[in-house]
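Please read the sequence alongside the coordinates below. The paragraphs that follow lead through the fold and then turn to a few individual residues.

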Amino acid sequence: MVHDALFQLGMDSVELNPAQTEESDKTHAAEACADKDHFIEKDGVLCAGSHLIVDLFDAERLDDLPYIEKTLIDCVETAGATLLHIHLHPFEPNGGVSGVAVLAESHISIHSWPERAYAALDIFMCGDARPERCINVLQEAFRPGRIDVKELLRGKEA
């Protein structure tokens, strides 16, 4: 299932983007940092960053606030991002959680409906961070029966 989600993004679990080498990543990052706006080049498109829209279906532990917090922190670390602040809010009586991890590179947000075994996440990152690496973390943490991932390249016209 992770493979399917990564496939939707044109990636697989071993080689995240076969068209892009580590050297070209460094070159593009260096060019983007030259003007300090942290724009990236992805698939030949200059943009503000990659925004992943992630839906988890038939997922587990969506009402476990400390576990969700740890999972978001794991996502941040795995993506190579910088955590500035995290705030999660539990809802009663269903145990749902809404919250955000504010990053130097943007954010990760989550909204969960444990009574439906569903969670909606947004993962938006710019600069050198690799938001696609969060997919495996989410898969391992929440064990969804299905995961759908869509990618938006933000700020293409800026």
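Is Cys 75 buried or exposed? In this predicted model, Cys 75 has a relative accessible area of 0% and is therefore buried, the cut-off being under 20%. The closest cysteine sulfur to that of Cys 75 belongs to Cys 134, at 4.1 Å, which is too far for a bond. A disulfide is a covalent bond between the sulfur atoms of two cysteines. With the cut-off for such a pair set at 2.5 Å, the Cys 75 and Cys 134 sulfurs do not qualify, and the structure holds 0 disulfides. Another cysteine, Cys 126, has a relative accessible area of 15% and also counts as buried.

The next topic is the sheet. Strands of a sheet pair through backbone hydrogen bonds, either parallel or antiparallel. Here 6 strands form an open sheet in the order β4-β5-β6-β7-β3-β8, and the pairing is antiparallel. β4 and β8 are the edge strands, each pairing on one side only. Direction ignored, neighbouring strands are turned against each other by 10° on average. Within this order, β3 and β7 are joined in the antiparallel sense over 7 bridges. One residue pair to look for is Asp 55 and Ala 120, the latter being the bridge partner in β7. Helix α3 packs on the sheet, where it touches β4, β5, β6 and β7. The direction of α3 makes about 155° with that of β4.

Which residues have the most contacts inside the largest nonpolar core? They are Val 54, Ile 108, Leu 121, Met 125 and Phe 142, in a core of 32 residues. The elements giving two or more residues to this core are the strands β3 (49-57), β4 (83-90), β5 (97-103), β6 (106-113), β7 and β8 (146-154), together with the helices α3 (65-79) and α4. Val 54 can serve as a starting point for tracing the surroundings. Leaving aside neighbours within four places in sequence, Val 54 is in contact with Ala 119, Ala 120, Leu 121 and Ile 123. The list for Val 54 also includes Ile 135 and Leu 138, as well as Ile 147, Asp 148 and Val 149.

A last stop is the loop between β7 (118-125) and α4 (134-142), where Glu 132 lies. Glu 132 counts as buried because its relative accessibility is 6%, against a cut-off of under 20%. What does the side chain of Glu 132 make a polar contact with? The partner is the side chain of Arg 130, at 2.6 Å.

Definitions and conventions. Residues are numbered from 1 along each chain as its sequence is written. This is a predicted model: local features need pLDDT of at least 70, side-chain atom pairs count only at pLDDT 80 or more; totals for chains, interfaces and linings use all residues. Side-chain values use heavy atoms; hydrogens and water are left out. Helices (H or I, at least four residues) and strands (E, at least two) are DSSP runs, numbered from the N terminus. Buried means under 20% relative accessible area, exposed over 50%, partly exposed in between (1.4 Å probe, protein chains only). A polar contact is a pair of N or O atoms within 3.5 Å; within protein, one must be able to donate a hydrogen and the other to accept it, and residues adjacent in sequence count only if both atoms are side-chain atoms. A nonpolar core is a set of buried Ala, Val, Leu, Ile, Met, Phe, Trp, Tyr and Cys residues joined through side-chain atoms within 4.5 Å. Contact means heavy atoms within 4.5 Å. Two strands pair if DSSP finds at least two bridges between them. Axes are lines fitted to C-alpha atoms, for helices over the stretch in contact, and angles run from 0 to 180 degrees between N-to-C directions.
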